[in-house]
Amino acid sequence: MKRSEVNEIIRESDKFIRSFGFILPPFAYHDPAQLKAAVDSHSPSIRENRLGWDITDYGKGNFADLGLFLFTTRNGQAEDLSRGRGMLYAEKIMISRDRQISPMHTHHIKSEDIINRGGATLVIELFASGPDGQIDPDADVTVATDGRLRTLKGGEHLALAPGESVTLHPGDWHAFWGEGGDVLIGEVSTVNDDLTDNIFREPIGRFSDIEDDEAPVHLLVSDYDRWLA
């Protein structure tokens with residue numbers, strides 16, 4: 001992706017988020033120099049826990065059809081989970097555009113609530129895992145939607161209206177997209193590790209390669225190792 005496209009997506013996404021009364025934390029609006037100063041002086045967890053802007057086209061170069069906007073507002077570390085104490089949770093705000101697919105994937109560690117925070121309908125395609133951990137297209141999958149257990153056939157679509165949510169556990173394969181317009185999505189989960197705990201059905205990348213045709217308005221989490229070193 002070109003940096004100019006990323007910058008424009010950030011601007012558009014911030015406006016969309018604010019239209020629902022959701023305000024991102026102050027560090028979201030640091031420019032690269034301000035963010036580096038904050039991380040170096042008093043906020044190392046921003047880098048260590050990979051908090052911040054995250055825009056991906058999954059390495060395919062077609063963000064409009066295959067992509068996702070995310071901002072991680074809080075996150076613990078794997079060590080917290082292994083100790084069973086500390087920050088055991090994470091939170092993200094995301095935007096799935098109309099018919100923009102977040103591709104089929106699962107997690108080995110993370111359980112998550114996916115919440116339609118507003119906008120159009122959020123559609124989720126679901127599959128269960130077989131004994132080998134791969135998709136079992138013939139198995140039913142049971143999930144909780146706002147406290148109600150629902151059993152769906154493999155590949156069946158779950159439609160979430162604004163305010164509705166689904167709880168997904170490791171091994172629940174899922175893809176999702178907005179239908180009828182863009183959707184503001186909340187994710188509340190156990191500790192999030194986007195480097196190692198995203199298992200995709202197809203061989204695609206989690207992060208985008210960025211071509212710096214202009215300066216970044218704000219850094220992405222995928223920029224941190226290079227810009228905040």
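**Exercise 1. The largest pocket**

Which element gives the largest share of the lining of the largest pocket? Describe also the volume and the lining of this pocket in the predicted model.

*Solution.* Begin with the space itself: in this predicted model, the largest pocket holds about 340 Å³. Next, list the lining, which is made up of 21 residues, with Asn75, Gly76, Val191, Asn192 and Asp193 lying nearest the centre of the pocket. Then assign the lining to elements: S2 and helix H4 (78–83) are the elements that give two or more residues, and the largest share, 3 residues, comes from H4. Finally, sort the lining of the largest pocket by residue class, which yields 7 nonpolar, 7 polar and 7 charged residues.

**Exercise 2. The enclosed cavities**

Find the cavities of 30 Å³ or more in the whole structure, and describe the lining of each.

*Solution.* The search of the whole structure returns 2 cavities of 30 Å³ or more.

Step 1. The largest cavity has a volume of about 140 Å³, and among the 18 residues of its lining, Leu68, Leu70, His105, Glu187 and Asn198 are the closest to the centre. Two or more residues of this lining come from each of strand S2 (68–75), strand S3 (89–96), strand S4 (102–106) and strand S11 (173–190), and S11 gives the most, with 3 residues. By class, the lining of the largest cavity divides into 6 nonpolar, 6 polar and 6 charged residues.

Step 2. The second largest cavity has a volume of about 40 Å³, and the residues that line it are Phe27, Ala28, His30, Leu35, Trp53, His218, Leu219 and Tyr224. By class, this second lining divides into 6 nonpolar and 2 polar residues, with no charged residue.

**Exercise 3. Helix H1 and its cover**

Compare the span of helix H1 with the expected span, then identify its buried residues and what covers them.

*Solution.* Helix H1 covers residues 3–18, which makes 16 residues, and the distance from its first C-alpha to its last is 23 Å, close to the 22 Å expected at 1.5 Å a residue. Taking buried to mean under 20% relative accessible area, the buried residues of H1 are Arg3, Val6, Asn7, Ile9, Ile10, Ser13, Asp14, Phe16 and Ile17. An α-helix has 3.6 residues a turn, so residues three or four places apart point the same way. The cover over the buried residues of H1 includes strand S1 (52–56), S2, S3, S11 and helix H5 (224–227).

**Exercise 4. Strands S5 and S9**

Which residues of strand S9 are buried, and which are not? Place S9 beside its partner S5, and then examine Gly119.

*Solution.* In a regular strand the side chains alternate between the two faces of the sheet. In strand S9 (residues 157–160), Leu158 and Leu160 point to one face and are buried, whereas His157 and Ala159 point to the other face and are not buried. Strand S5 (residues 112–129) pairs with S9 in the antiparallel sense, over 4 bridges, and Leu122 has Leu160 of S9 as its bridge partner.

Gly119 also belongs to strand S5. With a relative accessible area of 43%, Gly119 is partly exposed, because that class lies between the limits of 20% and 50%. Leaving out residues up to four places away in sequence, Gly119 touches Phe20, Pro162 and Asp182. As a last step, compare two separations: from Gly119 to Gly205 there are 86 residues in sequence, and 28 Å in space, C-alpha to C-alpha.

Conventions: Residues are numbered from 1 along each chain as its sequence is written. This is a predicted model: local features need pLDDT of at least 70, side-chain atom pairs count only at pLDDT 80 or more; totals for chains, interfaces and linings use all residues. Side-chain values use heavy atoms; hydrogens and water are left out. On a 1 Å grid over the protein atoms alone, a cavity is a set of points where a 1.4 Å probe fits but cannot get out, and a pocket is an open set with protein on both sides within 12 Å along at least five of seven lines; lining residues have an atom within 4 Å of a point. Grid points are joined across faces, edges and corners, and a volume is the space filled by probe spheres set on the points. Ala, Val, Leu, Ile, Met, Phe, Trp, Tyr, Cys and Pro count as nonpolar, Asp, Glu, Lys and Arg as charged, and the others, Gly among them, as polar. The expected span of a helix is 1.5 Å times one less than its number of residues. Buried means under 20% relative accessible area, exposed over 50%, partly exposed in between (1.4 Å probe, protein chains only). Contact means heavy atoms within 4.5 Å. Two strands pair if DSSP finds at least two bridges between them.
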